Amino acid sequence: MPDTELSHDAPARGAGVRTSGDFTDYFASPRPDLRALIPSSARRLLDVGCGGGSFGGTFRSEVPDSVVVGIEGFPEAAAHARKYLDMVLELDLDGLEELPAEAGKFDAITFGDVLEHLLDPERLLAVLSAYLNPGGVMVMSIPNLAHWSVVGPLILDDLFHYEDSGLLDRTHVHFFTLRSISDMCDRLGFEVDALTSSHLAPLPEAAVPLCTGIANATSDPREAIARAGVYQYLLRARLKGEPARPVPAVPAPRTRLGGLEDLIPAGHVRVDVDGPADVRVLDQAMIAAIAAAPQGAPRAFVLDGTMAFTREPPRVLAALADTLSPDDVVVLAERNVSAWHIAGALAVDDQWNLRGEGPVGDHPTH
């Protein structure tokens, strides 16, 4: 399984399944996090547990010549979804053995917070895998039972309390961790080629010692403490041996704080500023290259994680300022070493491990 990319705050719903009422907001998110994992070549989509049809309807409106079929067990939600999808099948997922012939086969099958509600999710995945076109993919969002908000109360207070929503939603009958997801995919003959995660509930300061202590008992403490902060995993899987297809050229879901693009004023030309790969330090030669950037239109000089590898950040910024026109801007994005999995390890275990990624990766100088 690919390394976990702990990157963005997906809309992890985990809501209780509704049986009546207004279905306009039942699973109403267009789910850009799931959308970003569907190959750009996909034209036929099966949305399992489609709810009111928002996700499938958005895909259908964005992708020319696409066909979207939904499966929904609740009649009111299915009726609403039919306004947006090409076909909606009212089926019981726990008893599903086959799809009607008119449904056809699919380039992508999506499960947006569905598998945890099933008695035997592995069985359903095996059934529906037969309806994938060559090179087709399964795209899933699955809550993480190993999240600190479950493990902490379980260890400290002997508490495993079901609620109306969230990781311990009372309608969840199956639970997953990253390892169990990986094992399930292996048994089904799938390989995971894309994996990301959401962090809906950040680790509170009071939980850092507990999570750090548990992590230090594992063979890979950094990975263990990172997984404790994952609220939900999002993954794409394909049958082993199937060719990969290109992913869509759409922006990844933005974090709560927004992305770099949010900071670039409209009409500005983006100019990425990177230090030499062999030195990792911006020098006067790089400043000269910046000065040669396109003229005319206002420019946005983007330094994404660059200052961490610069021995004298003020000198570099001062030199950069000399190249700016009045309408130019500088956009800075730097890694936060006060993140809980770094600061906690430092405060509790006197650990400051330089790794190949993350806030203290690649031997930064600042």
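These exercises walk through a predicted model, each with a worked solution.

Residues are numbered from 1 along each chain as its sequence is written. Local features need pLDDT of at least 70, side-chain atom pairs count only at pLDDT 80 or more, totals for chains, interfaces and linings use all residues, and side-chain values use heavy atoms, with hydrogens and water left out.

**Exercise 1. The overall picture**

Work out how many helices and strands the protein has, and what share of its residues is buried.

*Solution.* Start with the secondary structure: there are twelve helices and ten strands. Helices (H or I, at least four residues) and strands (E, at least two) are DSSP runs, numbered from the N terminus. Next comes burial, where buried means under 20% relative accessible area, exposed over 50%, and partly exposed in between (1.4 Å probe, protein chains only). By that rule, 44% of the 366 residues are buried. Then look at contacts, meaning heavy atoms within 4.5 Å. Of the contacts with a separation of 6 or more, 73% join residues 24 or more positions apart.

**Exercise 2. The two sides of α6**

Find the buried residues of helix α6, then decide which residues sit on the face turned away from them.

*Solution.* Helix α6 spans residues 178–187, and its buried residues are L178, I181, S182, M184 and C185. Viewed down the axis, they fall within an arc of 160°, so they line one face of the helix. That arc is taken from the directions from the helix axis to the C-beta atoms. On the face turned away from the buried side, the exposed residues are R179 and R187. Now ask what covers the buried residues: the cover includes α4 (121–129), β5 (132–143), β6 (190–198), α8 (221–228) and β7 (232–239). To finish, step past the helix to G189, which follows α6 and has a positive phi, near 80°.

One of these covering helices, α8, can be treated in a similar way. Its buried residues are I225, A226 and A228. They cover an arc of only 155° around the axis, which puts them on the same side of α8.

**Exercise 3. A polar pair in the interior**

Identify the side chain with which T110 makes a polar contact, and describe the surroundings of both partners.

*Solution.* Place T110 first: it belongs to strand β4 (residues 106–112). T110 is buried, at 0% relative accessible area. Its side chain makes a polar contact with the side chain of D47, at 2.9 Å. A polar contact is a pair of N or O atoms within 3.5 Å; within protein, one must be able to donate a hydrogen and the other to accept it, and residues adjacent in sequence count only if both atoms are side-chain atoms. D47 lies in strand β1 (residues 44–48) and is buried too, with 5% relative accessibility. Leaving aside neighbours within four places in sequence, T110 is in contact with residues including I38, L45, L46 and V139. With residues up to four places away likewise not counted, D47 touches F55, G56, V69, G70, I71 and T110.

**Exercise 4. Nonpolar cores**

Which residues of the largest nonpolar core touch the most other members?

*Solution.* A nonpolar core is a set of buried Ala, Val, Leu, Ile, Met, Phe, Trp, Tyr and Cys residues joined through side-chain atoms within 4.5 Å. The largest core has 36 residues, and L46, V48, L99, I109, F111, L128 and M138 touch the most other members. At least two residues each come from β1, β2 (67–71), β4, α4, β5, α6, β6 and β7. A second, separate core of 19 residues includes A42, L45, F59 and A81. For a closer look, take F111, whose contacts beyond four places in sequence include V48, L124, L125, L128 and M138. Among the buried residues of α4 are L124, L125 and L128, and the buried residues of that helix pack against β1, β4, β5, α6 and β6.

**Exercise 5. Two positive phi values**

Compare D65 and D113: where does each lie, and is each buried or exposed?

*Solution.* Most residues other than glycine have a negative phi. D65 has a positive phi, near 60°, and D113 also has a positive phi near 60°. D65 is in the loop between α2 (54–62) and β2, whereas D113 is in the loop between β4 and α4. D65 is exposed at 74% relative accessibility, while D113 is buried at 2%.
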